Amino acid sequence: MRISRRTFAAAAVALVLPLSACGSGGDDGGSTDASGKVEGDITFQTWNLRANFKPYFDGLITDFEKKYPGTHVKWIDQPAEGYADKISADAAGGTLPDVVNVSPDLVAPLAKAGLALDLDKAAASYRSEYLAGAWAGHKVPGLSGTYAFPWYLNTGPLFYNKALFREAGIDPSTPPETYDELFADALQMAKKSDGKVATLANVPTIEDFGRYGVQLMNKEGTAFAFNDAKGVALLTKYKELYDAKALDPQALTATPESSGKKFLTGAVAMNPGSALDLGNFKKQSPNLYRNIGITDQITSTGHVNMYVMGVMVNSRTKHTPAAVAFAHFVTDAQNQMSFAKKVAIFPSTAGSLDDPYFTKQDGTDETRVRTAAAKSLKNAVNYTPVLFSEQMKTALRNEVAKALQGKESPKAALDNAVKACDQLLKQQG
């Protein structure tokens, strides 16, 4: 069910160029006024959800049509593969559905093309129903509005090995919370273990720069800025960790699977994960399972990173009141809570995370992770710029690798990464 950030970003790349030709003008669609009578036939498109959640969505649509007797909703579900291509073709051909399941990466080119309804204008009265960070998740740099209702959220806490912390003389009851604390503990861990135990298994990503407090883009959304002094300081510190083997030597080529194995075998002391990982630890490494600690993501801003899915309204819909009403209905507190209890996601509506389902323990691994993640989501933000494509992630990763290997200085590496990302940004149009 959970669609990875990698899928979001890769899909967004395919959307950018075809939509750039659409322009931001054009008034051959419906009204932006959502205050009229809720009536008419609309189409609703989801992203690879029918196979597992057909009864849920059938019931959702039935409930909406009962609430608004003059409406009819046609549900379309597209497979994950080729989803961006399908949206691009529909946008170019004028057949984009009225209500569309999107991620921030996918909504950006649609908004730039004038095809996503600005909810700050058309549905501002609903804004207070959602977490502030979630509502902001579908803002697009360079544009002034918000272009999708926030739907479900996801995040993940960090696991850490209490036994390794104790062996290094670090109190496992107070795991690191900020990057400075993390760096200090990591260097101590490496020193105490003679380089045999690394604290981290992954190189810094754009989310790390965001959580460190680096300004990722200029305010206009026209250029990247993560090569500032704070960005250079972060990468310099990672270089120090890499040289001390506090960052796993194989971090340059690490995958989530390889990092998980390192954590499982005690070669790495901290790693992100989910309730499924806890079950795996219980089976494959009972000793690790007995020593598992769960803590928030590392952040020096006080806000963890979250991933957000959204529901966009086509600005050209012929039935704006019905489309806005349905997009809101899909994402309201009651329906989000119902959906969250069917799959491991979190609602974006204000107050929902205070529900006992997200706050009370019942002794299960699933609940341990769910409550930890829910607590951190209340003031989380989506650090990844909506314009940051998969190609840009690769450019950053390649330059980070050069810095860690000593082939470039951290400053030169980030300067080169920003230059490459800016060039890719210009190509988006």
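This report walks through the sheet, the helices packed on it, the nonpolar cores and one glycine of a predicted model.

**The sheet**

Let's start with the strands. Six of them form an open sheet, and their order across it is 2-1-3-8-4-9, with mixed pairing. Which strands stand at the edges? They are strand 2 (71-78) and strand 9 (346-347); each has a single partner strand, so one side of each is left without a neighbour in the sheet.

Two of the pairings are worth tracing on your screen. Strand 1 and strand 2 run parallel and are joined by eight bridges. Within this pair, Gln45 has Ile76 in strand 2 as its bridge partner. To get from strand 1 to strand 2, the chain passes through helix 2, and this β-α-β crossover is right-handed. Strand 4 and strand 8, on the other hand, pair in the antiparallel sense over four bridges. Here Leu153 stands opposite Val308 in strand 8. As you look along the strands, keep a rule of thumb in mind: in a regular strand, side chains alternate between the two faces of the sheet.

**Helices on the sheet**

The table shows how two helices lie against these strands.

| Helix | Strands touched | Angle |
|---|---|---|
| Helix 2 (residues 50-67) | strand 1 (40-47), strand 2 and strand 4 | about 165 degrees to strand 2 |
| Helix 3 (residues 83-93) | strand 1, strand 2 and strand 3 (99-102) | about 150 degrees with strand 1 |

**The nonpolar cores**

Now look inside. The largest nonpolar core has 124 residues, and among its members Phe57 and Phe226 touch the most others. Which helix gives this core its largest share? That is helix 14 (residues 320-330), with eight residues.

Phe226 is a good residue to click on. Leaving aside residues up to four places away in sequence, its contacts include Ile206, Phe209, Val214 and Leu216, as well as Phe388, Leu396, Leu414 and Cys421. Gln215 and Gly231 are also among the residues that Phe226 touches.

There is a second, separate core of nine residues, which includes Phe263, Phe281, Tyr289 and Val369.

**A glycine in a loop**

Finally, find Gly273 in the loop between strand 6 (270-272) and helix 12 (275-284). Is Gly273 buried or exposed? Its relative accessible area is 18%, and the cut-off for buried is under 20%, so Gly273 counts as buried. Not counting residues up to four places away in sequence, Gly273 touches Gly156, Pro157 and Phe159. Asp365 is 92 residues apart from Gly273 along the chain, and their C-alpha atoms are separated by 12 Å.

Notes: Residues are numbered from 1 along each chain as its sequence is written. This is a predicted model: local features need pLDDT of at least 70, side-chain atom pairs count only at pLDDT 80 or more; totals for chains, interfaces and linings use all residues. Side-chain values use heavy atoms; hydrogens and water are left out. A nonpolar core is a set of buried Ala, Val, Leu, Ile, Met, Phe, Trp, Tyr and Cys residues joined through side-chain atoms within 4.5 Å. Buried means under 20% relative accessible area, exposed over 50%, partly exposed in between (1.4 Å probe, protein chains only). Helices (H or I, at least four residues) and strands (E, at least two) are DSSP runs, numbered from the N terminus. Contact means heavy atoms within 4.5 Å. Two strands pair if DSSP finds at least two bridges between them. Axes are lines fitted to C-alpha atoms, for helices over the stretch in contact, and angles run from 0 to 180 degrees between N-to-C directions. A crossover is right-handed if, with the strands pointing away from the viewer, the path from the first strand over the helix to the second runs clockwise.
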